[in-house]
Amino acid sequence: MAALADFTYYRGRVAQAAILRGLGISAGDHVAIQAFTCSAVAEGVLSLGAQPIYVDISPDSCTMDPADLAAKLTPKTRAVIVQHTFGIPADFPAIEAVATARGLPLVEDCAHAIGSTIAGRPVGEWGVAAFYSFEASKPVFAGIGGSARVNDPALAARMASQSSDFSEPSLVRQAQILTMYLGFRLAYRPATYWTVRSLYRRAIRWGLIPSAYHTVTVEQSRPVTEFRFGLGRVQQRIVRRELATLPDRIAHRNRIASAYRRRIGGADARPVLVPPDAEPVYGRFPLFTPRKTELLRLAPEHRVELSDWYATPVHPLTGHALAAAGYRPGSCPRAEQLTSEIVSLPTGPLVDDAQVDRAVRLFESL
Ligand SMILES: *Cc1c(COP(=O)(O)O)cnc(C)c1O
(Lines give C-alpha, C1' and ligand atoms only; values in the text may rest on other atoms or scores of the structure.)
Protein backbone atom coordinates (compact mmCIF):
# COMPACT_ATOMS: atom_id res chain seq x y z
CA MET A 1 0.00 0.00 0.00
CA ALA A 2 2.92 2.20 -0.78
CA ALA A 3 3.38 5.43 1.09
CA LEU A 4 0.18 5.36 3.15
CA ALA A 5 0.68 2.14 5.01
CA ASP A 6 3.70 0.80 6.81
CA PHE A 7 1.12 -0.65 9.23
CA THR A 8 -2.62 -1.16 8.88
CA TYR A 9 -5.26 -1.10 11.62
CA TYR A 10 -8.96 -1.47 12.21
CA ARG A 11 -9.57 2.29 12.09
CA GLY A 12 -7.69 5.58 11.85
CA ARG A 13 -7.98 6.14 15.60
CA VAL A 14 -6.45 2.70 16.21
CA ALA A 15 -3.50 3.63 13.98
CA GLN A 16 -3.17 6.88 15.92
CA ALA A 17 -3.19 5.04 19.27
CA ALA A 18 -0.61 2.54 17.98
CA ILE A 19 1.70 5.39 16.95
CA LEU A 20 1.30 7.12 20.32
CA ARG A 21 1.94 3.86 22.14
CA GLY A 22 5.05 3.33 20.02
CA LEU A 23 6.19 6.77 21.16
CA GLY A 24 5.91 5.54 24.75
CA ILE A 25 2.79 7.48 25.62
CA SER A 26 0.76 5.95 28.43
CA ALA A 27 -1.66 6.71 31.25
CA GLY A 28 -1.37 10.20 32.69
CA ASP A 29 0.53 11.69 29.73
CA HIS A 30 -0.88 14.63 27.78
CA VAL A 31 -1.19 14.79 23.98
CA ALA A 32 -1.90 18.12 22.25
CA ILE A 33 -4.61 17.97 19.57
CA GLN A 34 -6.54 20.75 17.89
CA ALA A 35 -10.12 21.67 18.78
CA PHE A 36 -12.40 21.56 15.71
CA THR A 37 -11.76 17.86 15.36
CA CYS A 38 -13.75 14.66 15.56
CA SER A 39 -14.19 12.43 18.57
CA ALA A 40 -12.03 9.74 16.91
CA VAL A 41 -8.90 11.79 17.63
CA ALA A 42 -9.80 12.26 21.29
CA GLU A 43 -10.58 8.55 21.54
CA GLY A 44 -7.17 7.63 20.12
CA VAL A 45 -5.60 9.52 23.02
CA LEU A 46 -8.06 8.43 25.73
CA SER A 47 -7.73 4.76 24.75
CA LEU A 48 -4.20 4.85 26.22
CA GLY A 49 -5.37 6.48 29.44
CA ALA A 50 -3.67 9.68 28.24
CA GLN A 51 -5.38 13.08 28.24
CA PRO A 52 -6.02 15.27 25.17
CA ILE A 53 -4.96 18.92 25.53
CA TYR A 54 -7.00 21.07 23.14
CA VAL A 55 -5.30 23.76 21.08
CA ASP A 56 -7.23 26.49 19.26
CA ILE A 57 -7.04 27.04 15.51
CA SER A 58 -5.36 29.98 13.72
CA PRO A 59 -7.53 32.90 12.59
CA ASP A 60 -9.34 32.23 9.27
CA SER A 61 -8.08 28.65 9.22
CA CYS A 62 -9.24 25.19 10.29
CA THR A 63 -5.85 24.07 11.57
CA MET A 64 -3.75 24.39 14.73
CA ASP A 65 -2.49 27.77 15.93
CA PRO A 66 1.24 27.50 16.78
CA ALA A 67 0.98 30.39 19.29
CA ASP A 68 -1.88 28.71 21.15
CA LEU A 69 0.07 25.44 21.12
CA ALA A 70 2.94 27.20 22.92
CA ALA A 71 0.43 28.56 25.45
CA LYS A 72 -1.34 25.24 26.07
CA LEU A 73 1.65 22.89 26.42
CA THR A 74 1.93 21.34 29.89
CA PRO A 75 4.92 19.68 31.58
CA LYS A 76 3.19 16.33 30.93
CA THR A 77 2.69 16.91 27.17
CA ARG A 78 4.49 14.15 25.27
CA ALA A 79 3.35 14.57 21.65
CA VAL A 80 1.46 16.85 19.26
CA ILE A 81 -1.06 15.66 16.67
CA VAL A 82 -1.16 17.92 13.61
CA GLN A 83 -4.47 17.63 11.76
CA HIS A 84 -4.63 18.64 8.09
CA THR A 85 -8.33 19.51 8.23
CA PHE A 86 -10.32 19.08 4.98
CA GLY A 87 -6.97 18.35 3.29
CA ILE A 88 -5.64 21.85 4.00
CA PRO A 89 -2.12 21.45 5.37
CA ALA A 90 -1.54 22.85 8.84
CA ASP A 91 1.32 25.35 9.17
CA PHE A 92 3.63 22.47 9.98
CA PRO A 93 6.95 24.39 10.04
CA ALA A 94 5.61 26.91 12.60
CA ILE A 95 4.06 24.15 14.75
CA GLU A 96 7.28 22.16 14.51
CA ALA A 97 9.30 25.14 15.75
CA VAL A 98 7.18 25.24 18.92
CA ALA A 99 7.22 21.46 19.44
CA THR A 100 10.90 20.93 18.70
CA ALA A 101 11.89 23.57 21.24
CA ARG A 102 10.25 21.27 23.79
CA GLY A 103 11.55 18.03 22.27
CA LEU A 104 8.04 16.85 21.33
CA PRO A 105 7.36 14.50 18.39
CA LEU A 106 4.75 15.51 15.81
CA VAL A 107 2.23 13.02 14.42
CA GLU A 108 0.21 14.00 11.34
CA ASP A 109 -3.52 13.33 11.08
CA CYS A 110 -3.93 12.72 7.35
CA ALA A 111 -7.50 11.38 7.60
CA HIS A 112 -8.65 14.08 5.12
CA ALA A 113 -5.37 14.77 3.37
CA ILE A 114 -3.91 12.53 0.71
CA GLY A 115 -1.79 14.30 -1.88
CA SER A 116 -1.62 17.71 -0.18
CA THR A 117 1.86 19.25 -0.03
CA ILE A 118 3.83 21.84 1.92
CA ALA A 119 6.76 23.40 0.02
CA GLY A 120 6.36 20.62 -2.54
CA ARG A 121 6.70 17.83 0.01
CA PRO A 122 3.65 15.64 0.71
CA VAL A 123 1.92 15.77 4.08
CA GLY A 124 2.49 12.51 5.90
CA GLU A 125 6.25 12.86 5.34
CA TRP A 126 6.75 15.72 7.80
CA GLY A 127 6.08 14.16 11.19
CA VAL A 128 7.61 11.12 12.91
CA ALA A 129 4.51 9.32 11.66
CA ALA A 130 1.11 9.93 10.06
CA PHE A 131 -2.22 8.15 10.20
CA TYR A 132 -5.00 7.68 7.63
CA SER A 133 -8.65 6.62 7.82
CA PHE A 134 -10.57 4.57 5.26
CA GLU A 135 -14.04 5.43 6.52
CA ALA A 136 -16.85 6.72 4.34
CA SER A 137 -16.22 10.38 3.42
CA LYS A 138 -12.44 9.95 3.58
CA PRO A 139 -10.24 10.14 0.43
CA VAL A 140 -9.77 6.36 0.42
CA PHE A 141 -12.90 4.40 1.35
CA ALA A 142 -12.84 0.75 2.41
CA GLY A 143 -15.85 0.64 4.74
CA ILE A 144 -13.82 1.02 7.93
CA GLY A 145 -10.05 1.02 8.22
CA GLY A 146 -6.88 2.87 9.03
CA SER A 147 -3.15 2.90 8.47
CA ALA A 148 0.06 4.41 9.76
CA ARG A 149 2.97 5.68 7.75
CA VAL A 150 6.07 5.80 9.95
CA ASN A 151 9.03 8.04 9.07
CA ASP A 152 11.21 7.30 12.09
CA PRO A 153 12.97 3.90 11.93
CA ALA A 154 13.20 3.48 15.72
CA LEU A 155 9.46 4.13 16.05
CA ALA A 156 8.75 1.71 13.20
CA ALA A 157 10.76 -0.99 14.99
CA ARG A 158 8.82 -0.46 18.23
CA MET A 159 5.49 -0.55 16.37
CA ALA A 160 6.55 -3.74 14.57
CA SER A 161 7.34 -5.37 17.90
CA GLN A 162 3.86 -4.43 19.15
CA SER A 163 2.04 -5.65 16.04
CA SER A 164 1.28 -9.09 17.54
CA ASP A 165 -1.01 -7.29 20.03
CA PHE A 166 -3.46 -6.67 17.18
CA SER A 167 -5.71 -9.48 15.96
CA GLU A 168 -7.66 -9.74 12.72
CA PRO A 169 -11.37 -8.91 13.13
CA SER A 170 -13.67 -11.94 12.80
CA LEU A 171 -14.84 -12.86 9.31
CA VAL A 172 -18.38 -12.01 10.41
CA ARG A 173 -17.28 -8.50 11.27
CA GLN A 174 -15.31 -8.20 8.03
CA ALA A 175 -18.39 -9.34 6.10
CA GLN A 176 -20.51 -6.77 7.93
CA ILE A 177 -18.05 -4.02 6.96
CA LEU A 178 -17.98 -5.31 3.37
CA THR A 179 -21.78 -5.18 3.24
CA MET A 180 -21.71 -1.61 4.45
CA TYR A 181 -19.03 -0.76 1.88
CA LEU A 182 -20.97 -2.31 -1.00
CA GLY A 183 -24.26 -0.81 0.16
CA PHE A 184 -22.69 2.61 0.35
CA ARG A 185 -21.04 2.27 -3.07
CA LEU A 186 -24.36 1.18 -4.54
CA ALA A 187 -26.59 3.78 -2.92
CA TYR A 188 -24.42 6.83 -2.47
CA ARG A 189 -24.50 9.67 -4.97
CA PRO A 190 -23.84 13.28 -3.95
CA ALA A 191 -27.40 14.12 -5.07
CA THR A 192 -28.93 11.33 -2.95
CA TYR A 193 -26.73 12.01 0.07
CA TRP A 194 -29.55 13.10 2.39
CA THR A 195 -31.65 9.99 1.70
CA VAL A 196 -28.71 7.60 2.05
CA ARG A 197 -27.62 9.33 5.24
CA SER A 198 -30.96 8.77 6.91
CA LEU A 199 -30.99 5.08 5.85
CA TYR A 200 -27.45 4.68 7.15
CA ARG A 201 -28.36 6.19 10.52
CA ARG A 202 -31.36 3.87 10.77
CA ALA A 203 -29.10 0.86 10.04
CA ILE A 204 -26.78 1.99 12.85
CA ARG A 205 -29.75 2.35 15.20
CA TRP A 206 -30.89 -1.18 14.35
CA GLY A 207 -27.40 -2.52 15.05
CA LEU A 208 -26.87 -3.64 11.43
CA ILE A 209 -23.64 -1.68 11.04
CA PRO A 210 -21.20 -0.27 13.60
CA SER A 211 -21.30 3.43 14.42
CA ALA A 212 -18.20 5.61 14.24
CA TYR A 213 -19.18 7.25 17.50
CA HIS A 214 -19.52 4.80 20.30
CA THR A 215 -16.26 4.15 22.04
CA VAL A 216 -14.35 5.59 24.94
CA THR A 217 -15.37 9.21 25.02
CA VAL A 218 -19.04 8.53 24.74
CA GLU A 219 -19.28 5.47 26.97
CA GLN A 220 -16.28 5.29 29.24
CA SER A 221 -17.34 1.93 30.61
CA ARG A 222 -17.50 0.10 27.27
CA PRO A 223 -14.56 -2.27 26.67
CA VAL A 224 -12.62 -0.87 23.75
CA THR A 225 -11.88 -4.05 21.86
CA GLU A 226 -11.66 -2.11 18.59
CA PHE A 227 -8.29 -0.79 19.71
CA ARG A 228 -6.94 -4.36 19.55
CA PHE A 229 -7.88 -5.03 15.92
CA GLY A 230 -5.82 -4.84 12.76
CA LEU A 231 -7.26 -4.31 9.28
CA GLY A 232 -9.16 -7.33 7.99
CA ARG A 233 -7.86 -9.01 4.82
CA VAL A 234 -11.10 -8.13 3.00
CA GLN A 235 -10.61 -4.44 3.75
CA GLN A 236 -6.87 -4.69 2.87
CA ARG A 237 -7.83 -5.80 -0.63
CA ILE A 238 -10.28 -2.94 -1.05
CA VAL A 239 -7.68 -0.40 0.08
CA ARG A 240 -5.14 -1.74 -2.42
CA ARG A 241 -7.66 -1.44 -5.23
CA GLU A 242 -8.65 2.08 -4.21
CA LEU A 243 -5.02 3.21 -4.08
CA ALA A 244 -4.46 2.09 -7.66
CA THR A 245 -6.75 4.86 -8.93
CA LEU A 246 -5.62 7.48 -6.42
CA PRO A 247 -3.75 9.82 -8.85
CA ASP A 248 -6.85 10.17 -11.06
CA ARG A 249 -9.03 10.87 -8.07
CA ILE A 250 -6.62 13.50 -6.77
CA ALA A 251 -6.73 15.26 -10.16
CA HIS A 252 -10.53 15.11 -10.02
CA ARG A 253 -10.63 16.60 -6.49
CA ASN A 254 -8.41 19.46 -7.62
CA ARG A 255 -10.63 20.18 -10.60
CA ILE A 256 -13.85 20.16 -8.54
CA ALA A 257 -12.35 22.28 -5.75
CA SER A 258 -11.17 24.91 -8.20
CA ALA A 259 -14.64 25.03 -9.76
CA TYR A 260 -16.17 25.66 -6.32
CA ARG A 261 -13.52 28.30 -5.60
CA ARG A 262 -14.13 30.05 -8.91
CA ARG A 263 -17.91 29.93 -8.84
CA ILE A 264 -18.92 30.28 -5.18
CA GLY A 265 -17.95 33.40 -3.28
CA GLY A 266 -18.99 36.70 -1.81
CA ALA A 267 -19.89 37.64 1.75
CA ASP A 268 -21.89 34.43 2.28
CA ALA A 269 -19.09 32.07 1.30
CA ARG A 270 -15.47 32.90 2.11
CA PRO A 271 -12.73 30.35 1.40
CA VAL A 272 -10.55 29.09 4.25
CA LEU A 273 -6.99 30.41 4.56
CA VAL A 274 -4.28 28.14 3.15
CA PRO A 275 -0.82 28.52 4.77
CA PRO A 276 2.04 29.91 2.68
CA ASP A 277 3.71 27.25 0.51
CA ALA A 278 0.84 24.78 0.99
CA GLU A 279 -1.01 23.09 -1.89
CA PRO A 280 -4.11 21.37 -0.58
CA VAL A 281 -5.89 18.43 -2.16
CA TYR A 282 -9.30 19.01 -0.65
CA GLY A 283 -10.89 15.97 1.00
CA ARG A 284 -13.88 18.30 1.17
CA PHE A 285 -14.06 21.96 0.16
CA PRO A 286 -14.87 24.15 3.19
CA LEU A 287 -16.40 27.62 3.17
CA PHE A 288 -16.93 30.17 5.95
CA THR A 289 -20.50 31.41 5.97
CA PRO A 290 -22.62 33.51 8.33
CA ARG A 291 -25.65 31.56 7.03
CA LYS A 292 -24.79 27.98 7.95
CA THR A 293 -28.18 27.03 9.41
CA GLU A 294 -30.06 28.37 6.41
CA LEU A 295 -27.74 26.63 3.94
CA LEU A 296 -28.11 23.29 5.71
CA ARG A 297 -31.87 23.70 5.71
CA LEU A 298 -31.91 24.41 1.96
CA ALA A 299 -29.35 21.77 0.92
CA PRO A 300 -31.68 18.70 0.75
CA GLU A 301 -34.14 20.34 -1.64
CA HIS A 302 -31.24 21.50 -3.82
CA ARG A 303 -29.88 17.92 -3.66
CA VAL A 304 -26.52 19.20 -2.52
CA GLU A 305 -24.34 17.20 -0.15
CA LEU A 306 -23.51 19.96 2.29
CA SER A 307 -21.78 18.91 5.47
CA ASP A 308 -21.95 20.61 8.87
CA TRP A 309 -18.50 19.30 9.97
CA TYR A 310 -17.61 20.06 12.62
CA ALA A 311 -20.69 21.02 14.54
CA THR A 312 -18.94 20.92 17.94
CA PRO A 313 -15.28 21.44 18.95
CA VAL A 314 -14.97 17.63 19.29
CA HIS A 315 -17.59 16.47 16.80
CA PRO A 316 -20.26 15.24 17.51
CA LEU A 317 -19.82 15.45 21.28
CA THR A 318 -21.76 17.91 23.39
CA GLY A 319 -22.43 18.44 27.09
CA HIS A 320 -21.36 15.58 29.29
CA ALA A 321 -19.63 13.61 26.52
CA LEU A 322 -17.65 16.69 25.48
CA ALA A 323 -16.50 17.15 29.08
CA ALA A 324 -15.63 13.42 29.27
CA ALA A 325 -13.37 13.97 26.23
CA GLY A 326 -11.52 16.56 28.32
CA TYR A 327 -12.77 19.63 26.46
CA ARG A 328 -13.41 22.70 28.60
CA PRO A 329 -15.99 25.05 27.00
CA GLY A 330 -14.44 28.46 26.36
CA SER A 331 -10.89 27.05 26.09
CA CYS A 332 -10.71 27.33 22.26
CA PRO A 333 -12.94 30.27 21.28
CA ARG A 334 -11.98 30.37 17.59
CA ALA A 335 -12.74 26.67 17.14
CA GLU A 336 -16.07 27.12 18.92
CA GLN A 337 -16.95 30.08 16.72
CA LEU A 338 -16.01 28.08 13.63
CA THR A 339 -18.50 25.31 14.42
CA SER A 340 -21.31 27.73 13.58
CA GLU A 341 -19.59 29.14 10.46
CA ILE A 342 -18.21 26.26 8.38
CA VAL A 343 -19.94 24.15 5.76
CA SER A 344 -18.22 21.88 3.27
CA LEU A 345 -18.85 20.45 -0.17
CA PRO A 346 -17.78 17.05 -1.52
CA THR A 347 -14.91 16.64 -3.98
CA GLY A 348 -15.08 12.87 -4.42
CA PRO A 349 -15.09 10.82 -7.65
CA LEU A 350 -18.88 11.00 -8.08
CA VAL A 351 -19.08 14.78 -7.96
CA ASP A 352 -19.69 15.95 -11.53
CA ASP A 353 -20.32 19.29 -13.20
CA ALA A 354 -24.09 19.02 -12.62
CA GLN A 355 -23.39 18.62 -8.92
CA VAL A 356 -21.14 21.68 -8.91
CA ASP A 357 -23.96 23.60 -10.67
CA ARG A 358 -26.39 22.54 -7.93
CA ALA A 359 -24.00 23.75 -5.22
CA VAL A 360 -23.59 27.08 -7.03
CA ARG A 361 -27.39 27.47 -7.23
CA LEU A 362 -27.74 26.64 -3.53
CA PHE A 363 -25.44 29.52 -2.59
CA GLU A 364 -27.08 31.83 -5.15
CA SER A 365 -30.48 31.05 -3.62
CA LEU A 366 -29.57 32.83 -0.37
C1 LIG B 1 -12.19 10.18 10.36
C2 LIG B 1 -11.12 10.86 11.10
C3 LIG B 1 -10.17 10.16 11.88
C4 LIG B 1 -10.16 8.66 12.10
O5 LIG B 1 -11.38 8.07 11.99
P6 LIG B 1 -11.60 6.49 12.12
O7 LIG B 1 -13.10 6.40 12.13
O8 LIG B 1 -11.02 6.06 13.42
O9 LIG B 1 -10.99 5.80 10.95
C10 LIG B 1 -9.18 10.89 12.49
N11 LIG B 1 -9.09 12.22 12.35
C12 LIG B 1 -9.97 12.92 11.63
C13 LIG B 1 -9.79 14.40 11.51
C14 LIG B 1 -11.02 12.28 10.99
O15 LIG B 1 -11.90 12.99 10.27
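Contact means that heavy atoms lie within 4.5 Å of each other, and this definition is used throughout the exercises below. The structure is a predicted model, in which local features need pLDDT of at least 70 and side-chain atom pairs count only at pLDDT 80 or more, while totals for chains, interfaces and linings use all residues. Residues are numbered from 1 along each chain as its sequence is written, and side-chain values use heavy atoms, with hydrogens and water left out.

**Exercise 1. The nonpolar core**

Find which residues touch the most other members of the largest nonpolar core, and list what Val-80 touches.

Solution. Begin with the terms: a nonpolar core is a set of buried Ala, Val, Leu, Ile, Met, Phe, Trp, Tyr and Cys residues joined through side-chain atoms within 4.5 Å. Buried means under 20% relative accessible area, exposed means over 50%, and partly exposed lies in between, with a 1.4 Å probe and protein chains only. The largest nonpolar core has 119 residues, and within it Val-80 and Leu-306 touch the most other members. Helix α1 (residues 12-22) gives the most to this core, with six residues; helices (H or I, at least four residues) and strands (E, at least two) are DSSP runs, numbered from the N terminus. Finally, leaving aside residues up to four places away in sequence, Val-80 touches Ala-32, Met-64, Leu-69, Ile-95, Ala-99, Leu-104, Pro-105, Leu-106 and Val-107.

**Exercise 2. The two sides of a helix**

Determine which residues of helix α4 are buried, and explain why they lie on the same side of α4.

Solution. Helix α4 spans residues 92-101, and its buried residues are Phe-92, Ile-95, Val-98 and Ala-99. Because these residues cover an arc of only 130° around the axis, they are on the same side of α4, where the arc is that of the directions from the helix axis to the C-beta atoms. Ala-97, Thr-100 and Ala-101, by contrast, are exposed on the other side of α4. The cover over the buried residues of α4 includes α3 (66-72), β5 (77-83), β6 (106-109) and β7 (117-118). After α4 comes Gly-103, whose phi is positive, near 70°.

**Exercise 3. A three-stranded sheet**

Work out the order of the strands in the open sheet that contains β13, and name its edge strands.

Solution. Strands of a sheet pair through backbone hydrogen bonds, either parallel or antiparallel. Two strands pair if DSSP finds at least two bridges between them. Here three strands form an open sheet in the order β11-β13-β15, and the pairing is antiparallel. The edge strands are β11 (270-271) and β15 (342-346), since each of them pairs on one side only. Strand β13 (residues 284-288) is joined to β15 over five bridges in the antiparallel sense, and Pro-286 stands opposite Ser-344 in β15.

**Exercise 4. Unusual backbone angles**

Identify which peptide bonds are cis, and state where Ser-137 and Arg-303 lie.

Solution. Most residues other than glycine have a negative phi, and most peptide bonds are trans. The peptide bond from Trp-309 to Tyr-310 is cis, with omega near -20°, and Tyr-310 belongs to the loop between α10 (292-302) and β14 (314-315). The peptide bond from His-315 to Pro-316 is also cis, with omega near 0°, and Pro-316 lies in the loop between β14 and α11 (319-324). Turning to phi, Ser-137 has a positive value of about 75° although it is not a glycine. Ser-137 is in the loop between β9 (129-133) and β10 (146-150), and with a relative accessible area of 37% it is partly exposed. Arg-303 likewise has a positive phi, near 55°, and lies in the loop between α10 and β14; at 40% relative accessibility, Arg-303 is partly exposed.

**Exercise 5. A histidine in a helix**

Decide whether His-252 is buried or exposed, and list the residues that it touches.

Solution. First locate the residue: His-252 lies in helix α9 (residues 246-263). Its relative accessible area is 15%, and therefore His-252 is buried. Not counting residues up to four places away in sequence, His-252 touches Thr-347, Gly-348, Pro-349 and Val-351.
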